Amino acid sequence: MKKSILIAVVSTFTFFSCSTDTDTAIDTTIIEPNPTTPVTDGVSVKLANNATFGNIITDAAGKSLYFFSKDADGNSACSGGCANAWPIFYTKELKLDAGLEMADFGVITRADGTKQNTFKGWPLYYYAGDSVAGDTAGDKVGNNWYIAKPDYSIMYAQAQLVGKDANGNAMNLKSDYTPGDELTFYLTNGKGRTIYTFTKDRKDTNNYTDQAFTKNPTWPILEFDVNMIPSILDRADFGTIDVFGRTQVTYKGHPLYYFIQDTKRGDNFGVNVPAPGVWPIANADTAPAPSNL
């Protein structure tokens, strides 16, 4: 990516995030549509230590890379003007810095036929507002762009909630769980699997799982260490509880679960089981869990 190109667009894009061809507030200055990052010193993707974020993923020249919350399903939702503000990252010669694993990287073909590299299923982007190596100005833009890190245990998605009706047909739901079309923010694990709460649970109390864990195959409890999280979230909101000898992750006191019928990254079918809102998603606006008292 030529430095002169980035400088030309930095003032326009500093305050914008975008996702579709219909965005009108974005300068449409043409940026190379499918840039190929040169390999420097044999490495095309590096780990850099950042004073704010710790280890971050960069290109060969140290330019920061980013994830987009609307890409939870593994496809790029950034095109048109958005792709000018957030140029895609792609290199054919994928050679990794120490500490990165080839198994975590992939390639997708975008709607326009161009290629884009992914990390743990999340497409990778630059930010046009970053002018030099080490800049991280794109983090938290629109609350849906996040600096690419190798070790997020929790990620933040923004997508349409899609349940299933009594006949198994897809049913779009808004963030209040009424029928309709709306993008909703919610927590996922690091690979885009949707995370849920349960309305009958109470603060730090799981009222769903039984001692024999017979219900766990349908609604598995979250059992992993919460380390790195996107900057919109507060690490203090996460905790753990003991559930019959196993450790379950909580968020704002809500015990957290997966849904077994979410078979692909980005699926969120649990929002309509057995009725809308019984198993809500969690996000930064989620109220603290009610007390047992």
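A residue is called buried under 20% relative accessible area, exposed over 50%, and partly exposed in between (1.4 Å probe, protein chains only). The structure is a predicted model, in which local features need pLDDT of at least 70 and side-chain atom pairs count only at pLDDT 80 or more, while totals for chains, interfaces and linings use all residues. Residues are numbered from 1 along each chain as its sequence is written, and side-chain values use heavy atoms, with hydrogens and water left out.

**Phe213 and Phe244**

Select Phe213, which counts as buried because its relative accessibility is 12%. Add Phe244, which is partly exposed at 45%. Strands, the elements named on this tour, are DSSP runs of E with at least two residues, numbered from the N terminus. Phe213 lies in the loop between β10 and β11, and Phe244 in the loop between β11 and β12 (246–251), 31 residues apart. Rings of Phe, Tyr and Trp (its six-membered ring) pair if their centres lie within 6.5 Å; planes under 30 degrees apart are stacked, over 60 edge-to-face, and the rest tilted. Here the ring centres are 6.3 Å apart and the planes meet at 85°, so the pair is edge-to-face.

Next, display Arg246, which lies over the face of Phe213 at 4.2 Å from the ring centre. The criterion for such a charge over a ring is NZ of Lys or CZ of Arg within 6 Å of the ring centre and within 35 degrees of the ring normal.

**Arg193 and Tyr258**

Move to Arg193: its charged end sits over the ring of Tyr258, 4.2 Å from the centre.

**Tyr196 and its cluster**

Now select Tyr196, in the loop between β10 (183–189) and β11 (238–243). Tyr196 is buried, with a relative accessible area of 0%. Show Gly270 as well: 74 residues separate the two along the chain, yet their C-alpha atoms are 7.7 Å apart. The side chain of Tyr196 reaches the backbone nitrogen of Gly270 at 3.0 Å.

Extend the selection to Phe198, Tyr208, Trp219, Tyr257, Phe259 and Trp279, which form one aromatic cluster with Tyr196.

**Tyr125 and Trp145**

What does a search of the whole structure find in aromatic pairs, and how many? The search finds 24. One to select is Tyr125 with Trp145, whose ring centres are 5.0 Å apart with planes at 85°, so this pair is edge-to-face. Tyr125 is in the loop between β6 (122–123) and β7 (145–147), whereas Trp145 is in strand β7, 20 residues apart. Tyr125 is buried at 0% relative accessibility, and Trp145 is buried at 0%.

Technical notes
Helices (H or I, at least four residues) and strands (E, at least two) are DSSP runs, numbered from the N terminus. A polar contact is a pair of N or O atoms within 3.5 Å; within protein, one must be able to donate a hydrogen and the other to accept it, and residues adjacent in sequence count only if both atoms are side-chain atoms.
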